[in-house]
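Work through the exercises below with the structure open. Each task is followed by a solution in steps.

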Amino acid sequence: MGRCVLVTGASGGIGAAIATAFAKNGDNVVLGYHKGQQKAQDLCTQLTSQGLQAVAAVGNVANAQQVQQLFAKAEAAFGPVEVLVNNAGVAAQRLFTQLTEQEWDEMFDVHVKGNFLCTQRALPGMLHRKNGCIINISSMWGQVGASCEAHYAAAKAAVIGLTKALAKEEGPSGIRVNCIAPGAIDTAMMQDFTKQDKASLCEEIPLGRIGTPEEVAGVALFLASDAATYVTGQVIAPNGGFVV
């Protein structure tokens, strides 16, 4: 019987690709979403029509009560969460001098507080079973910083720090915590890029192209597999060599 895998932010882009990869792997997948209800429901229908196991569950990861409800639905459908993928996120560009306190707080609420609330909710069951896998989705900008995205880069850097700290703290209990820091990936977050923008970007990437959500999903699947049972506290960066 497959594992219960909860993917937050599964309504599109990287989250949808990760959820699909786990479902095709034979796992029972919970598609966590906040605002993308139709996309999440459509993906759930698509997966279940193929005989795969999936349910969609709403929940704002920055809200403790909604996180409880999200996990309750996951557990009711497939049992304890064995793999948690903290993928929910937002992106925005803004000059640092023009950032508002609200914009700063909203970025950290989703990426950092959301990660905290979901992980803290998942851990008791994992600790009881002495087994579990947590995968946090950061960004290459969390590794090196990004102009005009200070709040995003800072939040993603916090995700990396949390990953490393939790790996040390939870390792003795058999729980692995790793991080994926994608580079330029072809998702809706790049919808404002022109063809010229993308061409210029590709010139900066050693592999010469923008990555796909499926390539990020492949890394997530690896980190949750038997091939990675000795991997924890690591930041894996599918970025085409953009950041090395």
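**Exercise 1.** Find out why Cys-118 forms no disulfide in this predicted model.

Solution. Start from the distance: the cysteine sulfur closest to that of Cys-118 belongs to Cys-4, and the two are 13 Å apart. A disulfide needs the two sulfur atoms within 2.5 Å. The gap is therefore too far for a bond. The search of the whole structure ends with zero disulfides.

**Exercise 2.** Classify Cys-118 and Cys-148 as buried, partly exposed or exposed.

Solution. The cut-offs come first: under 20% relative accessible area is buried, over 50% is exposed, and values in between are partly exposed. Cys-118 has 1% relative accessibility, so this residue counts as buried. Cys-148 has a relative accessible area of 32%, so this residue is partly exposed.

**Exercise 3.** Describe how helix α3 packs on helix α4.

Solution. Locate the helices: α3 covers residues 64-78 and α4 covers residues 101-129. Their axes lie 10 Å apart and make an angle of about 45 degrees. The two helices are therefore oblique to each other, and their crossing is right-handed. Next, list the residues in contact. From α3 come Ala-64, Val-67, Gln-68, Phe-71, Ala-72 and Glu-75, and from α4 come Leu-117, Cys-118, Arg-121 and Ala-122. Sorted by class, this contact has seven nonpolar, one polar and two charged residues. Cys-118, the buried cysteine of Exercise 2, is one of the α4 residues here.

**Exercise 4.** Do the same for α4 and helix α6.

Solution. Helix α6 spans residues 150-170. The angle with α4 is about 15 degrees, and the axes are 8 Å apart. Angles under 35 degrees count as roughly parallel, so α4 and α6 are roughly parallel to each other. This crossing is right-handed. On the α4 side, the contact includes Trp-104, Met-107, Phe-108 and His-111. On the α6 side, the residues include Tyr-152, Lys-156, Val-159 and Leu-162. The full contact divides into 14 nonpolar, four polar and three charged residues.

**Exercise 5.** Is Lys-195 buried or exposed, and how many Å in space separate Lys-195 and Ala-88?

Solution. Lys-195 lies in helix α7, which covers residues 195-204. Its relative accessibility is 77%, and the cut-off for exposed is over 50%, so Lys-195 counts as exposed. For the separation, take the C-alpha atoms: Lys-195 and Ala-88 are 27 Å apart in space. Along the sequence they are 107 residues apart.

Definitions and conventions: Residues numbered from 1 in each chain as written. Predicted model: local features only at pLDDT ≥ 70, side-chain atom pairs only at ≥ 80, totals over all residues. Heavy atoms only, no water. Axes fitted to C-alpha atoms, helices over the stretch in contact; angles between N-to-C directions. Helix = DSSP H or I, 4+ residues; strand = E, 2+ residues; numbered from the N terminus. Parallel < 35°, antiparallel > 145°, perpendicular 65-115°, else oblique. Left-handed = near helix turned anticlockwise from the far one by under 90°. Contact = heavy atoms within 4.5 Å. Nonpolar A, V, L, I, M, F, W, Y, C, P; charged D, E, K, R; others polar. Buried < 20%, exposed > 50% of the residue type's maximum accessible area, 1.4 Å probe, protein only.
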